[in-house]
Amino acid sequence: MIPSSPPDQDHDHQHDHAHHHERAHGLRGRLAELARPHSHDAADSVDEALVSNARGIRAVKVGLVVLGATALAQGVLVALTGSVALLSDTIHNASDALTALPLWVAFVLARRPPSRRYTYGYGRAEDLAGVFIVVMIAASALVAGYESVRRLLDPPPVQHGWVVVAAGLVGFAGNELVAGYRIRVGREIGSAALVADGVHARTDGFTSLAVVAGALGVLAGFPLADPVVGILIAVAILVVLRGAARDVWRRLMDAVDGELVDSAERALVDTPGVAVVEDVRLRWIGHRLHGEATVAADPSLDLASAGRIGESAATRWRAGTAKLADARVRVIGREDVTGSRDRAT
């Protein structure tokens, strides 16, 4: 339970937290993000639900078109060159393009209003799309690894090395374009699945650069460089799989960033009339937060006064928390809190 205290420097704390989570720019920051994707709970811009879904659908469409075209072009060049590293990269690009389809369906479903059966709406479809994305990442790693090992044991000649180099650069450009767009939109609308898909695309971009490295190795007289790079690409995909699976698992299990709970407790405890914050509960449904809290007030207050305190506390909470679509605050008498605590002891 959180006792009431005078207002502190909450604004500065929130600003520091936001500053702490700013993304590192440049190559080093992007590499770090692949192995340790950022928590998606601290999104800092608020859009209405329908606008968020429309932006998500647009991001999915762009990714589908760009990555589909990239994979198709690379597939033609795989047949021409026989490069297994380029084949691995093409497989990964194709799988990334396919992940756009369940995301598209999820964002369309999220537009539906709640029903008597689905009383919270259809936002969870987005989390199920995240599961599909994780499965596709795992499948692409297995296929890329198998093909690379097979070619390592029986390496075929790689032809037109400079064509492979060009294809790798095209793959990097296409993936980085899609990744930057998906990640930016995903963070702005609070979509863990869309951000995970963007990180997936960014990994494809760096694996495309690995294809370039393998082709240069072949051109320098090291024919095994191509399948070795293919194996390294499969390992890189597994690293991304770990981070994406962790983030999707947390969403499915209703995990939230601890700072969201801390921020809620500060907003509630600083509400005039609130004596104690008993509990705070938050969870994501799609890319919108839903919160419930119980606070204690003076037991001598009448029902109307207690209701006003609850409304004021909920308003403060919503104002200080991005993506909080619904906040419900229950007000009880302080002796109820003390009694429940004593009984629990």
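Which residues in α10 meet which residues in α11? In this predicted model, S263, A264, A267 and L268 are the residues of α10 that do so, and their partners in α11 are A313, R316, W317 and G320.

**View 1. Helices α10 and α11 cross in a right-handed sense.** The helix α11, which covers residues 303-320, packs with α10 at an angle of about 140 degrees, and the two axes lie 8 Å apart. Sorted by class, the residues of this contact are five nonpolar, two polar and one charged. The listed residues to look for in the close-up include A264 and A267 from α10, together with R316 and W317 from α11.

**View 2. Helices α5 and α8 meet through a short list of residues from each helix, among them F107 and D197.** The axes of α5 (residues 100-110) and α8 (residues 192-219) come within 11 Å and cross at roughly 160 degrees. Because an angle over 145 degrees counts as roughly antiparallel, α5 is described as roughly antiparallel to α8. The crossing of these two helices is left-handed. On the side of α5 the contact is made by A100, L103 and F107, while α8 contributes A193, L194 and D197. Five nonpolar residues and one charged residue make up this contact, with no polar residue taking part.

**View 3. Helix α7 packs with α8 at an angle of about 165 degrees.** The axes of α7 (residues 161-189) and α8 are 7 Å apart, and the angle between them makes α7 roughly antiparallel to α8. Here the crossing of α7 and α8 is left-handed. The residues of this contact divide into 21 nonpolar, nine polar and six charged.

**View 4. Helix α9 has an end-to-end distance that agrees with its expected span.** At 1.5 Å a residue, the 28 residues of α9 (residues 225-252) should span 40 Å, and the C-alpha atoms at its two ends are indeed 40 Å apart. Just after this helix comes D254, a residue that takes a positive phi of about 60 degrees.

**View 5. R124 and D254 are joined by a salt bridge between their side chains.** The distance from N to O in this pair is 2.5 Å, which is within the 4 Å allowed for a salt bridge. R124 belongs to helix α6 (residues 124-153), whereas D254 sits in the loop between α9 and α10 (258-269), so the pair ties together parts of the chain that are 130 residues apart in sequence. The count of salt bridges in the model comes to six.

Note on methods
Residues are numbered from 1 along each chain as its sequence is written. This is a predicted model: local features need pLDDT of at least 70, side-chain atom pairs count only at pLDDT 80 or more; totals for chains, interfaces and linings use all residues. Side-chain values use heavy atoms; hydrogens and water are left out. Axes are lines fitted to C-alpha atoms, for helices over the stretch in contact, and angles run from 0 to 180 degrees between N-to-C directions. Helices (H or I, at least four residues) and strands (E, at least two) are DSSP runs, numbered from the N terminus. Angles under 35 degrees count as roughly parallel, over 145 as roughly antiparallel, 65 to 115 as roughly perpendicular and the rest as oblique. A crossing is left-handed if the near helix is turned anticlockwise from the far one by less than a right angle, and right-handed if clockwise. Contact means heavy atoms within 4.5 Å. Ala, Val, Leu, Ile, Met, Phe, Trp, Tyr, Cys and Pro count as nonpolar, Asp, Glu, Lys and Arg as charged, and the others, Gly among them, as polar. The expected span of a helix is 1.5 Å times one less than its number of residues.
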